[in-house]
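Trainee: I have just opened this structure, and I would love some help reading it. Please start with the whole chain and then take me slowly through one part.

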Amino acid sequence: MKSLKVGIIGFGTVGTGVYKLLQSFPQIEIKKIAVKNINKKREIENFNTELLTDNPYEIVNNPEIDIVIEVAGGVNPTFDILMTAVKNKKHIVTANKELLAKKGSELFQCAKENKVIILYEAAVAGGIPIIMPVKTILCANKINKIAAILNGTTNYILTKMAEKELSYETALSQAQELGYAETDPTGDVEGYDAAYKIAILSTISFGKKIDINKIYREGITKIKAQDIKSAKELGYTIKLIAMGQVLDDGKIDVRVHPMLVAKKHLLAKVKNATNSIMLSGYPVGDLVFTGAGAGAEPTSSSVVGDLLVLASDLEVSNSPMPLTVCRHEEYAEQIDIGDTYNEYYIAITATNNPGAIGLIGTICGKHNINISTIMQKGINEDNTAEIVVITEKSKESDVQNALKEILESDRIKCIDNLLRVMN
Ligand code: HSE
């Protein structure tokens with residue numbers, strides 16, 4: 001194999017993991033590493049600090065560099081840097097889910113025009129191979145459904161809430177102390193990270209571009225210890241699920257929200273920071289991919305894997321891996337959440353008066369919502385009662401309308417939560 005010259009942009013946890021793994025592959029020569037802070041002390045044995053620059057354009061404009069590895073993240077200024085790299089005919093290996101979900105379309109178009117390849121196995125579910133399998137060996141399939149746990153931070157928090165009966169706030173601060181959650185956890189706990197990943201995965205699986213702004217997204221911040229407890233009593237656990245499906249009319253339903261997942265379901269068994277992707281297609285049937293969705297070593301497996309695949313293809317051809325080239329021109333017609341059909345978990349606090357359950361049942365019936373389970377366990381000290389309802393499959397807009405009407409009654413104090421259910 002001839003020697004390929006690479007530049008690395010970003011030298012945090014993942015960048016350092018990539019650097020270390022590349023020491024075992026002498027056919028790849030690291031020419032430069034772009035960092036934010038050139039004076040920061042690096043705990044790497046025999047590290048040559050002359051590799052460092054704080055100007056990423058020294059990499060993307062360097063005529064000697066063949067491939068740019070981007071593990072810096074973010075859209076600004078990374079997008080402009082990568083566009084320059086592509087215009088300079090450099091192939092890209094990136095882990096940047098946010099950039100691909102928001103600006104992938106432009107970047108891939110530019111890559112096509114410049115006949116370069118962009119690989120991004122590490123952008124979705126860290127170390128789990130999913131992009132390459134979908135693009136290559138599964139290409140004979142019509143994939144119609146994905147249900148996945150794509151965010152390790154939230155899965156860790158929800159697992160600890162369930163196992164140790166913690167509040168969301170306590171589980172989050174413990175996750176932050178242990179390094180599972182960032183100081184500003186918004187990107188993870190509000191579902192943005194999972195939304196970027198399901199946008200990328202749905203685009204390549206369903207063959208149509210997904211508009212990130214049309215993905216319905218809810219995070220886990222509203223999950224209460226009481227929801228986890230009620231879910232457990234009813235045979236469920238709560239998970240942040242990213243899903244994508246092709247409906248019978250060809251519309252595409254892509255969303256991220258917490259769900260009650262039946263304990264027997266494979267995704268219910270995925271704990272802590274682990275990620276898992278269930279994918280259904282014809283003719284392959286159901287597939288499950290499970291593993292580490294983050295961390296220096298698993299993520300470097302995907303980055304360096306992409307790099308070595310690209311290197312071996314470049315060995316024999318100047319236009320490598322035609323299967324991985326982005327071909328999607330059309331945008332998907334994405335369905336609005338109000339038009340989706342789901343089973344629901346509804347937690348309601350009622351005042352302790354006769355007729356509250358009757359009222360809930362009557363209003364649900366009026367809105368075409370069939371209740372499958374209703375649970376109330378005694379009366380609280382403040383003379384209120386918690387009522388939990390599980391519905392059969394109902395239309396989201398009907399459920400929202402029913403809840404509005406339920407809330408108008410003076411027998412009802414508040415709607416504590418509305419979650420969707422996966423059996
Ligand atoms: N922050 C992500 C997670 C990992 O918690 O899964 C990187 O995408």
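What percentage of the 423 residues of the chain count as buried? After that, please take a close look at the ligand and the residues that surround it.

Mentor: Happy to! Keep in mind that this is a predicted model. To your opening question: 54% of the 423 residues count as buried. The chain is built from 13 helices and 17 strands. Its radius of gyration is 24 Å, close to the 22 Å that the globule rule gives for 423 residues, so the chain is as compact as a globular protein of that length. If you turn the model along its principal axes, the C-alpha trace spans about 80 × 50 × 35 Å. Contacts also link parts of the sequence that are well separated: of those with a separation of 6 or more, 73% are between residues 24 or more positions apart. On the outside, the accessible surface comes to about 19,000 Å², with 48% of it belonging to carbon and sulfur atoms.

Now for the ligand. The residues around it are K97, N151, G152, T153, D188, D193, K197 and A294. Sorted by class, this shell holds four charged residues, three polar ones and one nonpolar one. Two helices, α6 (152–164) and α9 (192–206), each supply at least two of the shell residues.

Next, zoom in on the oxygen atoms of the ligand. A polar side-chain atom of T153 is 2.5 Å from one ligand oxygen. For K197, a polar side-chain atom is 2.9 Å from a ligand oxygen. The side chain of D193 has an N or O atom 3.2 Å from an oxygen of the ligand. How much of the ligand does the protein cover? On its own the ligand has 260 Å² of accessible area, and the protein covers 81% of that.

With the ligand in mind, let us visit a few other places. Helix α3 (residues 78–87) is mostly covered, since seven of its 10 residues are buried. Those are T78, F79, I81, L82, M83, A85 and V86. Among the elements that cover them are β1, α2 (57–60), β4, β5 (91–94) and α4 (97–113). On one side of α3, P77 sits in the loop between β4 and this helix. The peptide bond joining N76 and P77 is cis, with omega about 5°. Just after α3, K89 takes a positive phi of about 65°.

Another helix to inspect is α1 (residues 13–22), where G15, T16, G17, V18, Y19 and L22 are buried. Their cover includes β1 (4–9), β2 (28–34), β4 (67–70) and α11 (296–316). S300 belongs to helix α11. Is S300 buried or exposed? Its relative accessibility is 4%, so S300 counts as buried. Apart from neighbours within four places in sequence, S300 touches G17, V18, L21 and G305. Here G17 and V18 are two of the buried residues of α1.

For a contrast with S300, find K145 in strand β7 (residues 142–149). With 37% relative accessibility, K145 counts as partly exposed. Beyond its neighbours within four places in sequence, K145 is in contact with F206, G244, Q245, M278, L279 and S280. K145 and D248 are 103 residues apart in sequence, while their C-alpha atoms are 12 Å apart in space. G365, in helix α12 (residues 356–366), offers another such pair. G365 and A402 are separated by 37 residues in sequence and by 9.1 Å from C-alpha to C-alpha. G365 is partly exposed, at 45% relative accessible area.

Finally, look at some loops. P283 is in the loop between β11 (274–282) and β12 (285–292), and a cis peptide bond joins Y282 to it, with omega about 10°. N272 is not a glycine, yet has a positive phi of about 55°. The loop that holds N272 runs between β10 (252–262) and β11, and N272 is partly exposed at 28% relative accessible area. N383 is not a glycine either, and its phi is positive at about 65°. You will find N383 between β14 (371–376) and β15 (384–391), partly exposed with a relative accessible area of 44%.

How values were computed:
Residues are numbered from 1 along each chain as its sequence is written. This is a predicted model: local features need pLDDT of at least 70, side-chain atom pairs count only at pLDDT 80 or more; totals for chains, interfaces and linings use all residues. Side-chain values use heavy atoms; hydrogens and water are left out. A residue is near a molecule or strand if one of its heavy atoms lies within 4 Å of it. A polar contact is a pair of N or O atoms within 3.5 Å; within protein, one must be able to donate a hydrogen and the other to accept it, and residues adjacent in sequence count only if both atoms are side-chain atoms. Accessible areas come from the Shrake-Rupley method with a 1.4 Å probe; for residues, only the protein chains shown count as cover. Helices (H or I, at least four residues) and strands (E, at least two) are DSSP runs, numbered from the N terminus. Ala, Val, Leu, Ile, Met, Phe, Trp, Tyr, Cys and Pro count as nonpolar, Asp, Glu, Lys and Arg as charged, and the others, Gly among them, as polar. The radius of gyration is taken over C-alpha atoms; the globule rule is 2.2 Å times the number of residues to the power 0.38. Buried means under 20% relative accessible area, exposed over 50%, partly exposed in between (1.4 Å probe, protein chains only). Contact means heavy atoms within 4.5 Å.
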